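Biologist: Could you take one part of this model and go through it closely for me? I would like a connected account rather than a list.

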Amino acid sequence: MIRGRRPLAAVALGVLLPLSSSCVVVGSTPAPSTGAGPSGTATAVPADEATAVEQDMAQAVFHRVNAEREARGLPPLSWDDDLAAVARGWNTVMAERDRLGHQDLGSLLGQEPLGDLEGLGENVFQATGPVPAGTVHAGWMRSDDHRVNVLQPGWDRLGIAVLCADDGSVWATQEFGRTAGAGLPAVASETPPPEPLVRPEDDGPRCG
């Protein structure tokens, strides 16, 4: 059960200080998470169970990701419904537990419907009050760990989900995928520079 609405002060703090964390796994050895939180994996939730604004926010972030990649000379990522369903399921777990963290990405590799992937990356985000899609995207881009995933040449697929919880909080997850046998560059660990940030605006669709 997602909790009742929080005090206004907490909402204001969440708008100013959203929280986020990133993780990468290639093959069967997951990299250490940068933040503690829920463990295990979630049941995938189809995108058609998301509200219209949640879907609009996910698509807005997706297009901003590809705008950033284009500005850095990187190929665009393809939208992946299966990865988006995994992302939505994980948002639900985090919101119900009221804890930001990563799922066990290693356990997802080789499992349907992600059986053709050889690598996964995950960015997660939480704010205690309603924020627009631009805030979610800019928050990830302004963080070194998350920017590595957004601008990763070793990914070719992406699914995103946003959850507008009943208590006013916002949860978002990006699931990046690496298709086996696609001839992609190796997954890089270098941190891309913060500039150019081509979509820094705190605008776009929002919860509420």
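Modeller: Directly after helix 2 comes G73, a residue with a positive phi near 75°. The model is a predicted one, with a pLDDT that averages 84 over the protein and reaches at least 70 for 81% of the residues. Helix 2 itself covers residues 52–71, and its 20 residues, at 1.5 Å a residue, should span 28 Å; the C-alpha atoms at its ends are 29 Å apart, so the expected and modelled lengths agree.

Along this helix the buried residues are E54, M57, A58, A60, V61, F62, R64, V65, N66, E68 and R69. An α-helix makes a turn every 3.6 residues, so positions three or four places apart point the same way. The cover over the buried residues of helix 2 includes helix 3 (81–97), helix 5 (133–141) and helix 6 (144–150), together with strand 3 (78–79), strand 5 (157–164) and strand 6 (170–179).

Two of those covering strands deserve a closer look in turn. Strand 6 contains T173, which has a relative accessibility of 0% and therefore counts as buried. The side chain of T173 makes a polar contact of 2.6 Å with the side chain of N91. Leaving aside residues up to four places away in sequence, T173 also touches A87, W90 and M94, then E122, N123 and V124, and further along W140, G159, I160 and A161, besides N91.

Strand 5, for its part, leads to the disulfide, of which the structure holds one. C164 and C207 form this link, with their sulfur atoms 1.9 Å apart, and the angle of -75° about the S-S bond makes the link left-handed. Because C164 lies in strand 5 whereas C207 belongs to the segment after strand 6, the pair ties together parts that are 43 residues apart in sequence. Both cysteines, C164 and C207, are buried.

Some caution is needed elsewhere in the chain. Over residues 1–17 the pLDDT stays under 50, and the model has 29 contacts beyond four places in sequence for that stretch. Residues 28–36 likewise stay under a pLDDT of 50, and for them the model has 15 contacts beyond four places in sequence. Since pLDDT is the predictor's confidence in each residue, from 0 to 100, I would read the contacts of these two stretches with reserve.

Notes: Residues are numbered from 1 along each chain as its sequence is written. This is a predicted model: local features need pLDDT of at least 70, side-chain atom pairs count only at pLDDT 80 or more; totals for chains, interfaces and linings use all residues. Side-chain values use heavy atoms; hydrogens and water are left out. Contact means heavy atoms within 4.5 Å. Helices (H or I, at least four residues) and strands (E, at least two) are DSSP runs, numbered from the N terminus. The expected span of a helix is 1.5 Å times one less than its number of residues. Buried means under 20% relative accessible area, exposed over 50%, partly exposed in between (1.4 Å probe, protein chains only). A polar contact is a pair of N or O atoms within 3.5 Å; within protein, one must be able to donate a hydrogen and the other to accept it, and residues adjacent in sequence count only if both atoms are side-chain atoms. A disulfide is a pair of cysteine sulfur atoms within 2.5 Å.
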